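Thanks for sharing this one. Here are some friendly notes to read alongside the model.

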Amino acid sequence: MLSSTLTSPTTLRIPSIPLHRTTRAATSPRLPIAGGGVTGLVIECSSRPQKKATAHHMKTRPKKSQPWDIKRKPTVYPPLPPLPPDWTLVERSHEENDAVEEVAVEAAAAVDDV
């Protein structure tokens, strides 16, 4: 039997196995790809695959269906009042920023040496 399937000394012909009804659902037809070629069979491992993270959130997000809700604009709030006089906005000076950066560089160099 094996000698009848040999076509040359280096190749072996394997007879095709017909697909049963149960295995037909596990494969899908050939799909075109962007380069103009065709992919092979796609095997799905799950009968009910689930969407992952962002795809699930996009599918199940609340969608506006009412015209009044679709046309609704964001709320416009009045501007905040000025800060009270006893409050002051504190910012670091340029010299303090430079000193903090130098200390961080020195600490990183010390860690690299260890």
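**Notes on the model**

1. Let me start with Glu95, which is exposed, with a relative accessible area of 61%. Please keep in mind throughout that this is a predicted model. Glu95 lies in helix 5, a helix that covers residues 94–113. The cut-off for calling a residue exposed is over 50% relative accessible area, so Glu95 at 61% qualifies.

2. Which residues join Glu95 in a negative surface patch? Its partners are Asp98, Glu101, Glu102 and Glu106. When you have the model open, helix 5 (94–113) is a good place to begin looking.

3. On the overall fold: the chain contains five helices and two strands. From start to end of the sequence, their order is α-α-β-β-α-α-α. The two strands thus sit next to each other in that pattern, with two helices before them and three after.

4. How much of the chain counts as buried? The figure is 3% of the 114 residues. The accessible surface adds up to about 11900 Å², and carbon and sulfur atoms account for 62% of that area. I would read the individual residues below with these totals in mind.

5. A second patch on the surface is nonpolar, and Leu83, Trp87 and Leu89 make it up. Together these three residues have about 410 Å² of accessible area. Leu89 is found in the loop that runs between helix 4 (67–70) and helix 5 (94–113). Leu89 counts as exposed because its relative accessibility is 71%, where over 50% is required.

6. Is Asp69 buried or exposed? With a relative accessible area of 15%, Asp69 is buried, since the limit for that class is under 20%. Asp69 belongs to helix 4, and its side chain makes a polar contact of 2.8 Å with the side chain of Arg72.

7. Finally, a backbone detail that deserves a look: Ala53 is not a glycine, yet its phi is positive, at about 25°. For context, most residues other than glycine have a negative phi. Ala53 lies in helix 3, which spans residues 53–60. Ala53 also counts as exposed, because its relative accessibility is 53% and the cut-off is over 50%.

Definitions and conventions. Residues are numbered from 1 along each chain as its sequence is written. This is a predicted model: local features need pLDDT of at least 70, side-chain atom pairs count only at pLDDT 80 or more; totals for chains, interfaces and linings use all residues. Side-chain values use heavy atoms; hydrogens and water are left out. Patches are made of residues with over 30% relative accessible area and no salt bridge: like charges are joined within 9 Å, nonpolar side chains (Val, Leu, Ile, Met, Phe, Trp, Tyr) within 5 Å. Accessible areas come from the Shrake-Rupley method with a 1.4 Å probe; for residues, only the protein chains shown count as cover. A salt bridge is a side-chain nitrogen of Lys or Arg within 4 Å of a carboxyl oxygen of Asp or Glu. Helices (H or I, at least four residues) and strands (E, at least two) are DSSP runs, numbered from the N terminus. Buried means under 20% relative accessible area, exposed over 50%, partly exposed in between (1.4 Å probe, protein chains only). Lys and Arg count as positive and Asp and Glu as negative; His and the chain ends are not counted. The place of a charge is taken as NZ of Lys, CZ of Arg, CG of Asp or CD of Glu. A polar contact is a pair of N or O atoms within 3.5 Å; within protein, one must be able to donate a hydrogen and the other to accept it, and residues adjacent in sequence count only if both atoms are side-chain atoms.
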